[in-house]
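Subject: Structure handover

Hello,

Please find the structure below, followed by notes on what was found in it.

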Amino acid sequence: MEMRARTYSYLEKTMNEQELDKFACDIATSYATSEGQYSRRYYTKIYNITSDCFYKLLERAIVRDLVLDEIVDKMRQKAYKNSNTKSMEKSGKNTVTSHIHYAKMIGE
């Protein structure tokens, strides 16, 4: 029987702040430094978390300044590349949504 994917609120209830910060930092760093094929789908499956949880963990790593600016920049580039590829496949148009989202998270 397959376990239900963990939500962010579930992690908040079952981890202390330091554990959650470390988990967010580890996922953000791994995501940023991995090859292109290792995207949200890979991390949600490996860590048994929801897509929303994955994005909230990345956001936590950025907003709480848990990762270096270099990692944030790599995350932004990877997110842009992934969303742009997906957008091109679906509509044939480029997108800048991920750049805007990251700019808001880091307060640009």
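A salt bridge joins Arg60 and Glu17, with 3.0 Å between the closest N and O atoms. The model is a predicted one, and every value in this message was computed from it.

The bridge links two helices. Arg60 sits in helix H4 and Glu17 in helix H2, so the pair ties together parts of the chain that are 43 residues apart in sequence. Helix H4 covers residues 51-63, and helix H2 covers residues 17-33. The two partners differ in how they are covered. Arg60 has a relative accessible area of 7%, and because buried means under 20%, Arg60 counts as buried. Glu17 has 44% and is partly exposed.

Glu17 also takes part in a salt bridge with Arg64, at 3.1 Å from N to O. Arg64 lies in the loop between H4 and H5, so this bridge ties helix H2 to a part of the chain 47 residues away in sequence. Arg64 is partly exposed, with a relative accessible area of 41%. Which residues make up the network of salt bridges that includes these? Its members are Glu17, Asp21, Arg60 and Arg64.

Arg60 has further partners. Its side chain makes a polar contact of 2.8 Å with the side chain of Tyr8. Apart from neighbours within four places in sequence, the residues in contact with Arg60 are Tyr8, Glu17, Leu20, Asp21, Ala24, Asp65 and Leu66.

The structure has seven salt bridges in total. One of them pairs Asp26 with Lys22, with the closest N and O atoms 2.8 Å apart. Both of these residues belong to helix H2 and are four residues apart, about one turn of the helix. Asp26 is partly exposed, at 36% relative accessible area.

Now the chain as a whole. It has six helices and zero strands, so the pattern along the sequence reads α-α-α-α-α-α. There are 108 residues, of which 33% count as buried. Among contacts with a separation of 6 or more, 64% are between residues 24 or more positions apart. The chain exposes about 7,300 Å², and carbon and sulfur atoms supply 51% of that area.

Next, the aromatic residues. How many aromatic pairs does the structure hold? It holds eight. One is formed by Phe23 and Tyr47, which meet edge-to-face at 5.5 Å centre to centre, with 80 degrees between the planes. Phe23 is in helix H2 and Tyr47 is in the loop between H3 and H4, so this pair ties together parts that are 24 residues apart in sequence. Phe23 is buried, with a relative accessible area of 12%, whereas Tyr47 is partly exposed at 30%.

Another edge-to-face pair is made by Tyr31 and Tyr43, at 6.2 Å centre to centre and 80 degrees between the planes. Tyr31 lies in helix H2 and Tyr43 in helix H3, so the pair ties together parts 12 residues apart in sequence. Both Tyr31 and Tyr43 are buried. These four residues belong to one aromatic cluster, made of Phe23, Tyr31, Tyr38, Tyr42, Tyr43, Tyr47, Phe54 and Tyr55.

Two members of that cluster, Tyr38 and Tyr42, also contribute to the surface. Together with Ile46 they make a nonpolar surface patch of about 260 Å². Tyr42 is found in helix H3, which spans residues 40-46, and is partly exposed with a relative accessible area of 34%.

Thr44 is in helix H3 as well. Is Thr44 buried or exposed? At 13% relative accessibility, Thr44 counts as buried. The side chain of Thr44 reaches the backbone oxygen of Arg41 at 3.0 Å. Leaving out neighbours within four places in sequence, Thr44 is in contact with Ile49, Thr50, Ser51 and Phe54. Thr44 and Phe54 are 10 residues apart in sequence, and their C-alpha atoms are 6.6 Å apart.

Last is Asn82, in helix H5 (residues 69-91). Beyond neighbours within four places in sequence, Asn82 is in contact with Tyr31, Gly36 and Ser39. The C-alpha atoms of Asn82 and Gln37 are 8.9 Å apart, although 45 residues separate the two along the chain.

Regards

Definitions and conventions: Residues numbered from 1 in each chain as written. Predicted model: local features only at pLDDT ≥ 70, side-chain atom pairs only at ≥ 80, totals over all residues. Heavy atoms only, no water. Buried < 20%, exposed > 50% of the residue type's maximum accessible area, 1.4 Å probe, protein only. Contact = heavy atoms within 4.5 Å. Areas by Shrake-Rupley, 256 points an atom, 1.4 Å probe, with all protein chains shown as cover. Patch = residues over 30% accessible without salt bridge, like charges linked within 9 Å, V, L, I, M, F, W, Y side chains within 5 Å. Salt bridge = Lys/Arg side-chain N within 4 Å of Asp/Glu carboxyl O. Polar contact = N/O pair within 3.5 Å; in protein donor to acceptor, adjacent residues only side chain to side chain. Phe/Tyr/Trp six-rings, centres within 6.5 Å; stacked < 30°, edge-to-face > 60°.
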